[in-house]
Amino acid sequence: MARSSSGFVAGLTAAALAAVGFLAYQASATAPADLRSGAKATGSPSPSASAAPSAPGAPGKPADDALALPPGSGSGERVVYALADRRVWLVDESGKVIRTFPVMPSAVSPAPGTYAVTSRSGTVRGSDGVQVEHVVRFATVEGVTVGFSAAVDGSMSSPDPTRRTGGVRMARADGDALWTFATVDAKVVVVP
């Protein structure tokens, strides 16, 4: 009896290894070229690949262009917020993009222009009732304060269009990066 159960276990092990090998092949066949070639990541954060091939508000825009810093977005160290693309770029003093990521716009949006971070809060309850962290405020529109934040629960749901809220939501990791980058008085450039 011991021989037949060890043969059964050996058969299960062989089947499991074959399944893992097949899944590994499938994963490598669909991985981006830079990952298949074994290219190593650099020490600085790269643009997030979480954007769709075509950014919202820009039909037919190639994927590379969707992540490119918008023209006319200023110079020097700044946060760039593109309303139509629903995307933020963190740009260093030399003009190099150090991170870009998608956001969920607030119900109330600031007009295109240049702003400065006016205040920050570690954790608060958002005007929509959601617990948020790393709040970076930069504008006021008709009495509604507009700022970037990340929901503690990780959600990025569309704002209720019937409520006048100013929270521009992002993923928590992106919120961490923006919090570190955008201190009080940091420049925020809003583009259409």
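## Briefing: sheets, a helix and a pocket

Let's start with one residue pair: Val79 has Val188, in strand S9, as its bridge partner. That pair belongs to the contact between strand S1 (residues 78-82) and strand S9 (residues 187-191), where 4 bridges join strands that run parallel. Please keep in mind that you are looking at a predicted model. The points below go through the sheets, then helix H4, then a pocket.

**The sheet with S1 and S9**

- Here 5 strands make up an open sheet, and their order across it is S3-S2-S1-S9-S4.
- The pairing in this sheet is mixed.
- Strand S3 (97-102) and strand S4 (113-116) each have a single partner strand, so they stand at the edges with one side lacking a neighbour in the sheet.
- Going from one strand to the next, the twist averages 20°.
- As a general reminder, the strands of a sheet pair through backbone hydrogen bonds, in either a parallel or an antiparallel way.

**The sheet with S6 and S7**

- Another open sheet is built from 4 strands in the order S5-S6-S7-S8, again with mixed pairing.
- Its edges are strand S5 (119-125) and strand S8 (167-169), each of which pairs on one side only.
- The twist in this sheet averages 35° from one strand to the next.
- Strand S6 (residues 131-141) and strand S7 (residues 144-151) run antiparallel and are joined by 7 bridges.
- If you would like a pair to find on screen, try Thr140, whose bridge partner in S7 is Thr145.

**Helix H4**

- Helix H4 (residues 172-181) lies across S1, strand S2 (87-91) and S3, and its direction makes an angle of about 140° with S3.
- H4 also lies across S5, S6 and S7, where it runs at about 55° to S6.
- Helix H4 is therefore in contact with strands of the S3-S2-S1-S9-S4 sheet and with strands of the S5-S6-S7-S8 sheet, contact being heavy atoms within 4.5 Å.

**The second largest pocket**

- The second largest pocket holds about 220 Å³ of space.
- It is lined by 17 residues, and those closest to its centre are Gly126, Ser127, Val135, Thr145 and Gly167.
- Thr145 may look familiar: this residue is also the bridge partner of Thr140.
- Strands S5, S6, S7 and S8 are the elements that each give two or more residues to the lining.
- S7 gives the most to this lining, with 5 residues.
- Sorted by class, the lining has 5 nonpolar, 8 polar and 4 charged residues.

Definitions and conventions
Residues are numbered from 1 along each chain as its sequence is written. This is a predicted model: local features need pLDDT of at least 70, side-chain atom pairs count only at pLDDT 80 or more; totals for chains, interfaces and linings use all residues. Side-chain values use heavy atoms; hydrogens and water are left out. Two strands pair if DSSP finds at least two bridges between them. Axes are lines fitted to C-alpha atoms, for helices over the stretch in contact, and angles run from 0 to 180 degrees between N-to-C directions. On a 1 Å grid over the protein atoms alone, a cavity is a set of points where a 1.4 Å probe fits but cannot get out, and a pocket is an open set with protein on both sides within 12 Å along at least five of seven lines; lining residues have an atom within 4 Å of a point. Grid points are joined across faces, edges and corners, and a volume is the space filled by probe spheres set on the points. Ala, Val, Leu, Ile, Met, Phe, Trp, Tyr, Cys and Pro count as nonpolar, Asp, Glu, Lys and Arg as charged, and the others, Gly among them, as polar.
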